[in-house]
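Student: Could you take me through one part of this model up close? I'd like to hear about the nonpolar core and what sits around it.

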Amino acid sequence: MNEISNSNQLIDEVLGIGSERDEQKGKYMTFKSGREYFGLKIQCVNEIIQIQSITKVPETKDYIKGLINLRGKVIPVVDVRLRFHQEPIEYNDRTCIIVINHNSMMVGLIVEKIAEVVEIKEEDILPPPVIRHSEQSHRKYVYGIGKVDGAVKLLLDPDKLLNDDDLSAVELSAPQNDED
């Protein structure tokens, strides 16, 4: 859990109360899925929480694990590994949920491990290569490849990662949130 609190502290430092939006530009929360590292724009990330009890919703896609109650708000959670058609893994103490804001809806992304917050300059972001093999299906969710200290991070587009039709079905089945 210390890893999660450290990650949240990094987010707090980057987002800082009253900080300018320009300070957030170029910052990415990175995480591991399979053998690769991915990044999400820090502006999308609300917080990181430990894995918790998930209520399954019948007749949803396998990558939509269900719903969690986060301080009175019911939010859908998506297993990133399953979304990328990777083998499922057993959740452990490093597994966590990145809570993001997507189209005015909070969504949780279950990830294997949080890596770090990195800064990637615009000139260090390349367009993704065109790959037509089905085993590389997660590449269709990538809008760019960030070069960071000799390594690469696959930068995710939340609009492509999260299917609005699937999430809307889950949201409609959830009890309405009374608190805002």
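Tutor: Sure, here's a walk from the core out to the sheet and a pocket. Keep in mind that this is a predicted model.

Start with the largest nonpolar core, which has 30 residues. Those with the most contacts inside it are Phe31, Ile98, Ile100, Leu109 and Leu156. The element that gives the most to this core is strand E7, residues 105-111, with 4 residues. Apart from that core lies another one, made of 8 residues, including Ile68, Leu70, Val99 and Ile110.

Now zoom in on Leu109. Leaving out anything up to four places away in sequence, Leu109 touches Leu40, Val78, Val80, Cys96, Ile97, Ile98, Ile100, Leu161 and Leu162.

Gly108 is also worth a look, and it is found in strand E7. Its relative accessibility is 0%, and anything under 20% counts as buried, so Gly108 is buried. With residues up to four places away in sequence again set aside, Gly108 touches Ile75, Pro76, Val77, Val78, Ile97, Ile98 and Val99. Val78, Ile97 and Ile98 are among the contacts of Gly108, and they are among those of Leu109 too. There's also a long-range pair here: Gly108 and Val45 are 63 residues apart along the chain, and their C-alpha atoms are separated by 9.7 Å.

Over to the sheet. It is an open one of 6 strands, in the order E8-E1-E2-E11-E10-E9, and its pairing is mixed. Strands E8 (113-119) and E9 (125-126) stand at the edges with a single partner strand each, so one side of each has no neighbour in the sheet. Further in, strands E10 (residues 142-148) and E11 (residues 151-156) run antiparallel and are joined by 6 bridges. One pairing you can pick out is Lys147, whose bridge partner in E11 is Val152.

Strand E1 (residues 27-33) holds Ser33. Ser33 is buried, with a relative accessible area of 2%. Beyond residues up to four places away in sequence, Ser33 touches Phe38, Val80, Arg81, Phe84, Gln86 and Glu112. Val80 is one of the contacts of Ser33, and Val80 is also one of the contacts of Leu109.

Last stop, the second largest pocket, where about 160 Å³ of space lies. Its lining consists of Lys25, Gly26, Tyr28, Lys41, Gln43, Ile120, Lys121, Glu122, Ile125 and Tyr143. By class, that lining has 4 nonpolar, 2 polar and 4 charged residues.

Notes:
Residues are numbered from 1 along each chain as its sequence is written. This is a predicted model: local features need pLDDT of at least 70, side-chain atom pairs count only at pLDDT 80 or more; totals for chains, interfaces and linings use all residues. Side-chain values use heavy atoms; hydrogens and water are left out. A nonpolar core is a set of buried Ala, Val, Leu, Ile, Met, Phe, Trp, Tyr and Cys residues joined through side-chain atoms within 4.5 Å. Buried means under 20% relative accessible area, exposed over 50%, partly exposed in between (1.4 Å probe, protein chains only). Helices (H or I, at least four residues) and strands (E, at least two) are DSSP runs, numbered from the N terminus. Contact means heavy atoms within 4.5 Å. On a 1 Å grid over the protein atoms alone, a cavity is a set of points where a 1.4 Å probe fits but cannot get out, and a pocket is an open set with protein on both sides within 12 Å along at least five of seven lines; lining residues have an atom within 4 Å of a point. Grid points are joined across faces, edges and corners, and a volume is the space filled by probe spheres set on the points. Ala, Val, Leu, Ile, Met, Phe, Trp, Tyr, Cys and Pro count as nonpolar, Asp, Glu, Lys and Arg as charged, and the others, Gly among them, as polar. Two strands pair if DSSP finds at least two bridges between them.
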